[in-house]
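Open the model in your viewer and keep the selection panel at hand. The stops below say what to select next and what is there.

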Amino acid sequence: MGLYGHSAGGTAVAEALYEDRRFAAAANLEGYLDHPPERPGPGRAGELYPVARYGTDRPLLLLGSAEFIGARGRRELERSWSAMLAHPRGRTLRRQIDRAAHWVFTDYAALAPALQAAGLMTAVDRNALTGPVGPARAVPEVRHHLRAFFTRQLSRNG
């Protein structure tokens, strides 16, 4: 069985993969793999979750968006994802959706451009939500990454 989740759900599925051997693979769609720092401030980091601290021997896909990962204040995501990728026994893959932002992994990928076209959302707000990528490219690309990952990983374990 495979799991996928977005944002906090991505964090949850990565940790579930680490904790529960019944899961064969997981896809984390832009979920942090560390706790927030105890005291906010520049250079402060939170404790890594066990999955990032110790790694996993089962496949984990880290799928991110260029606009979110590149945004100011997202160093925590980069730190925890880099920790995951550094494990020598790990089977972690990292992929990225270009010209996209954090909410591109949700229904907003299709809804935000329609809201903008109807005059109900500005281009600035839409870009902050899903990035400038259009739904004709974003939706199939997210599906492609997930389908390819789970087809490859779950067919090996089944």
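**Stop one: a buried ring**

Select Phe 68. Phe 68 is buried, at a relative accessible area of 7%; buried means under 20% relative accessible area, exposed over 50%, and partly exposed in between, with a 1.4 Å probe and protein chains only. This is a predicted model, in which local features need pLDDT of at least 70 and side-chain atom pairs count only at pLDDT 80 or more, while totals for chains, interfaces and linings use all residues. Residues are numbered from 1 along each chain as its sequence is written, and side-chain values use heavy atoms, with hydrogens and water left out.

**Aromatic pairs**

How many aromatic pairs does a search of the whole structure find? It finds four. Rings of Phe, Tyr and Trp (its six-membered ring) pair if their centres lie within 6.5 Å; planes under 30 degrees apart count as stacked, over 60 as edge-to-face, and the rest as tilted.

Select Tyr 18 and Tyr 54. Their rings are stacked, 6.3 Å centre to centre with 20° between the planes. The pair links distant parts of the chain: Tyr 18 sits in helix H1 and Tyr 54 in helix H2, 36 residues apart. Helices (H or I, at least four residues) and strands (E, at least two) are DSSP runs, numbered from the N terminus. Tyr 18 has 27% relative accessibility, so it counts as partly exposed. Tyr 54 is also partly exposed, at 43%.

Now add Tyr 32 to Phe 68. This aromatic pair is edge-to-face, with 6.4 Å between centres and 70° between planes. Tyr 32 lies in the loop between E2 and H2, and Phe 68 in helix H3 (residues 66-69), 36 residues apart. Tyr 32 is partly exposed, with a relative accessible area of 26%.

**Tyr 49**

Stay in the loop between E2 and H2, where Tyr 49 is found. Tyr 49 is partly exposed, at 22% relative accessible area. Draw a distance from its C-alpha to that of Tyr 18: the two are 31 residues apart along the chain and separated by 9.8 Å. Leaving aside neighbours within four places in sequence, Tyr 49 is in contact with residues including Thr 11, Glu 15 and Tyr 32. Contact means heavy atoms within 4.5 Å.

**Helix H1 and its strands**

Select residues 8-19, helix H1. These 12 residues reach 16 Å from first C-alpha to last, close to the 16 Å expected at 1.5 Å a residue; the expected span is 1.5 Å times one less than the number of residues. Which residues of H1 are buried? They are Gly 10, Thr 11, Val 13, Ala 14, Glu 15 and Leu 17. Their cover includes strand E1 (2-6), strand E2 (25-29), helix H2 (50-54) and strand E3 (60-65).

Show E1 and E2 together. The two run parallel and are joined by five bridges; strands pair if DSSP finds at least two bridges between them. His 6 has Leu 29 in E2 as its bridge partner. Add H1, and you have a right-handed β-α-β unit. Right-handed means that, with the strands pointing away from the viewer, the path from the first strand over the helix to the second runs clockwise.

**Asn 28**

Pick Asn 28 in strand E2. Asn 28 is buried, with a relative accessible area of 0%. Outside its neighbours within four places in sequence, its contacts include Gly 5, Val 13, Leu 60 and Trp 81.

**Nonpolar cores**

A nonpolar core is a set of buried Ala, Val, Leu, Ile, Met, Phe, Trp, Tyr and Cys residues joined through side-chain atoms within 4.5 Å. The largest has 18 residues; Ala 26, Leu 33, Leu 60, Leu 62, Trp 81 and Met 84 have the most contacts inside it. H1, H2, E3, H3 and helix H4 (75-85) each give two or more residues to this core. H4 gives the most, with four. Apart from this core lies another, of 16 residues, among them Ala 27, Leu 63, Ala 100 and Phe 150.

**Two positive phi values**

Most residues other than glycine have a negative phi. Select Glu 30, where phi is near 65°. Glu 30 is in the loop between E2 and H2 and is buried, at 1% relative accessible area. End at Arg 99, with a positive phi of about 60°. Arg 99 is in the loop between strand E4 (92-97) and helix H5 (108-117). Arg 99 is partly exposed, at 44%.
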